[in-house]
Amino acid sequence: MDFPSRKALDGLTEAEHGALAAMHGTVSGLHAEWRSALAVEMRLRYAADAAEGRRDDGVAPRLDYEVARELNGAAFEFSQAVEVLLWRTASAYAVLGITVLDRLVAGNPPLSEGVVGQLCEEPLLGAFEAAVTIPVEQLLVARDGAEQAHARKGRRRMAALVEQAYGCLEDEALPAAAGRVAAARSRLSVAAPEGFDAPWLGYLEPLVGLARQGPYEISAFLRRRA
């Protein structure tokens with residue numbers, strides 16, 4: 001998905017446009033790297049399983065299995081590291097796009113360079129929740145019912161991500177489970193507990209889709225307003 005032209009985003013300041021364009025490229029690149037890393041991890045997992053079978057059958061030395069297992073472990077660690085980076089950037093990109101669209105629809109002044117810079121960093125869970133739960137009718141005021149329904153579905157998935165994240169941070173099995181207020185002030189890439197599934201498990205693909213759609217929703221609004 002290509003980024004809209006500068007003309008299509010003519011209502012944005014240079015700071016807003018530059019940040020959206022940079023985040024778009026970063027998220028797109030990380031998404032591709034993540035998908036590639038998952039494919040390598042899956043391939044090496046099968047290779048480790050096959051090596052284990054050969055070892056148990058006595059047709060291959062133990063070293064064959066140990067090397068395959070270490071390769072699989074390294075691939076898993078790499079894919080997890082890329083996944084964390086993807087969450088950090090995609091969540092920031094989503095909040096940035098929604099915030100810019102919200103200020104345009106409301107007729108508010110442009111965001112300052114300082115605010116834009118802050119929005120390019122991973123949001124607190126509460127800030128992410130606040131952005132993705134803005135009513136679609138408020139953001140897409142000029143769009144038709146089908147477009148609003150599609151957007152509403154995407155926002156519901158993000159609301160489910162938020163609740164999954166709260167549940168993860170508030171899990172009573174944790175040594176120091178956070179209350180909802182404390183969890184809302186957390187950044188998931190730092191606060192996510194070790195040994196548990198990632199709080200964003202199962203939601204990264206729709207998050208990337210939502211984030212990358214932001215500039216197109218902005219350009220559609222500006223086009224209708226013109």
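These are my notebook entries on what I looked up in this predicted model.

**Entry 1: the chain as a whole**

I started with the helices and strands. The chain has 9 helices and 0 strands, and reading from the N terminus I get α-α-α-α-α-α-α-α-α. Next I looked up burial: 40% of the 226 residues are buried. For the outside, I noted an accessible surface of about 11700 Å². Carbon and sulfur atoms account for 55% of that surface.

I also looked up how far along the sequence the contacts reach. Taking the contacts with a separation of 6 or more, 75% are between residues 24 or more positions apart.

**Entry 2: the core**

Which residues touch the most other members of the largest nonpolar core? I found Leu86, Trp87, Phe128, Leu207 and Ile218, out of 53 residues in that core. Several helices give two or more residues to this core, among them α1 (14-56), α2 (62-106), α6 (145-169) and α9 (204-225). The largest share is from α2, with 13 residues.

I picked Trp87 for a closer look. Skipping its neighbours within four places in sequence, I listed its contacts as Glu122, Phe128, Leu161, Leu188, Ser189, Trp200, Leu204 and Leu207. Phe128 and Leu207 were already on my list of core residues that touch the most other members.

**Entry 3: Ile98**

Ile98 sits in helix α2. Is Ile98 buried or exposed? Its relative accessibility is 5%, and the cut-off for buried is under 20%, so Ile98 counts as buried.

Leaving out residues up to four places away in sequence, I found Ile98 touching Ala131, Val132, Ile134, Leu139 and Arg155. I also checked a pair that is well separated along the chain: Ile98 and Gln213 are 115 residues apart in sequence, yet their C-alpha atoms are 9.7 Å apart in space.

**Entry 4: the cavity**

Now for the empty space. Rolling a probe the size of a water molecule over the atoms shows where such space is left. I found 1 cavity of 30 Å³ or more, and the largest cavity holds about 30 Å³ of space.

Which residues line the largest cavity? I wrote down Tyr93, Ala94, Gly97, Ile98, Arg155, Leu210, Ala211, Gly214 and Glu217, so Ile98 from my last entry turns up again in this lining. Helices α2 and α9 each supply at least two of the lining residues. By type, the lining has 5 nonpolar, 2 polar and 2 charged residues.

**Entry 5: the pockets**

The largest pocket has a volume of about 530 Å³. It is lined by 25 residues, and the ones nearest its centre are Gln80, Glu83, Ala198, Trp200 and Leu201. I had met Trp200 before, as a contact of Trp87. Helices α1, α2 and α8 (188-191) each give at least two residues to the lining of this pocket, which splits into 15 nonpolar, 4 polar and 6 charged residues.

The second largest pocket comes to about 310 Å³. Of its 15 lining residues, His150, Ala151, Gly154, Leu210 and Gln213 lie nearest the centre. Helices α6 and α9 each give two or more residues to this lining, and α6 gives the most, with 8 residues. I counted the types here too: 5 nonpolar, 4 polar and 6 charged.

Last, I looked back for repeats. Leu210 lines the largest cavity and also lies among the residues nearest the centre of the second largest pocket. Gln213, the partner in my Ile98 distance check, is in that pocket's central group as well.

Conventions
Residues numbered from 1 in each chain as written. Predicted model: local features only at pLDDT ≥ 70, side-chain atom pairs only at ≥ 80, totals over all residues. Heavy atoms only, no water. Core = buried A, V, L, I, M, F, W, Y, C linked by side-chain atoms within 4.5 Å. Buried < 20%, exposed > 50% of the residue type's maximum accessible area, 1.4 Å probe, protein only. Helix = DSSP H or I, 4+ residues; strand = E, 2+ residues; numbered from the N terminus. Contact = heavy atoms within 4.5 Å. 1 Å grid on protein atoms, 1.4 Å probe; cavity = no way out; pocket = protein on both sides within 12 Å on 5 of 7 lines; lining within 4 Å. Points joined across faces, edges and corners; volume = space filled by probe spheres on them. Nonpolar A, V, L, I, M, F, W, Y, C, P; charged D, E, K, R; others polar. Areas by Shrake-Rupley, 256 points an atom, 1.4 Å probe, with all protein chains shown as cover.
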